[in-house]
Amino acid sequence: MPLYEYFCEDCQKDFTLLQSANVDKEKTVCLECHSNNVRHVFSTFTSKTHGVSPLAKQRPATEDDYPNKDIFKLPIPGLR
Ligand SMILES: [Zn+2]
């Protein structure tokens, strides 16, 4: 389940809820004051990465992202 971040207009607090995607966001109430005067904050993830394309971040790293492919052949330290 994805995490949804909300901001309560009444007590000015952020809170995060684990909700399934089909939950009615309009019915979400503040955890602190139970006000329904909350707004869905679009993921801190995108708001904290100003200037960086979200698409670039969403692509998982592949071997092509590492110029030195020999790194994959090295033993991982600390696993012995
Ligand atoms: Zn509140």
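Helices (H or I, at least four residues) and strands (E, at least two) are taken here as DSSP runs and are numbered from the N terminus. The structure is a predicted model, in which local features need pLDDT of at least 70 and side-chain atom pairs count only at pLDDT 80 or more, whereas totals for chains, interfaces and linings use all residues. Residues are numbered from 1 along each chain as its sequence is written.

The protein contains 2 helices and 3 strands, and along the sequence these elements follow the pattern β-β-β-α-α. Burial is assessed by counting the other C-beta atoms within 10 Å of a residue's own, with C-beta atoms placed from the backbone: 20 or more make the residue buried, 12 or fewer exposed, and a count in between partly exposed. By this criterion, 2% of the 80 residues in the protein are buried. A contact is defined as two residues whose C-beta atoms, placed from the backbone, lie within 7 Å. Of the contacts in the protein with a separation of 6 or more, 38% join residues 24 or more positions apart.

The strands are best considered together. Strands of a sheet pair through backbone hydrogen bonds, either parallel or antiparallel. For the present description, two strands pair if DSSP finds at least two bridges between them. The sheet is open, has 3 strands in the order β2-β1-β3, and shows antiparallel pairing. Strands β2 (13-18) and β3 (38-41) stand at the edges, and each has a single partner strand, so one side of each is left without a neighbour in the sheet. From one strand to the next, the twist averages 35°, where axes are lines fitted to C-alpha atoms, for helices over the stretch in contact, and angles run from 0 to 180 degrees between N-to-C directions.

The pairing of β1 (residues 3-8) with β2 is antiparallel and extends over 6 bridges. Its register can be followed residue by residue: L3 has L18 of β2 as its bridge partner, E5 is bridged to T16 in β2, and C8 stands opposite K13 in β2. The two strands form a hairpin with 4 residues between them. Within the loop between β1 and β2 lies Q12, whose phi is positive, about 60°, although the residue is not a glycine. Q12 counts as exposed because 8 C-beta neighbours lie inside 10 Å.

Strand β2 lies largely in the open, because the number of buried residues among its 6 is 0. K13 belongs to this strand and is partly exposed, with 14 other C-beta atoms within 10 Å. Leaving aside neighbours within four places in sequence, K13 is in contact with C8 and E32. K13 and V38 are separated by 25 residues in sequence, and their C-alpha atoms are 9.4 Å apart in space.

Between β2 and β3 runs a loop that includes H34. H34 also has a positive phi of about 60° without being a glycine. With 11 C-beta neighbours inside 10 Å, H34 is classed as exposed.

On the other side of the sheet order, β1 pairs with β3 in the antiparallel sense over 4 bridges. Here the bridge partner of C8 in β3 is V38. C8 is thus a residue with a partner in each edge strand, since K13 stands opposite C8 in β2 and V38 is its bridge partner in β3, while β2 and β3 stand at the edges.

H40 offers a second view of β3, the strand in which it lies. With 13 C-beta neighbours inside 10 Å, H40 counts as partly exposed. Residues up to four places away in sequence being excluded, H40 touches Y4, Y6 and K25. For Y6, the separation from H40 is 34 residues in sequence, whereas the C-alpha to C-alpha distance is 4.5 Å.
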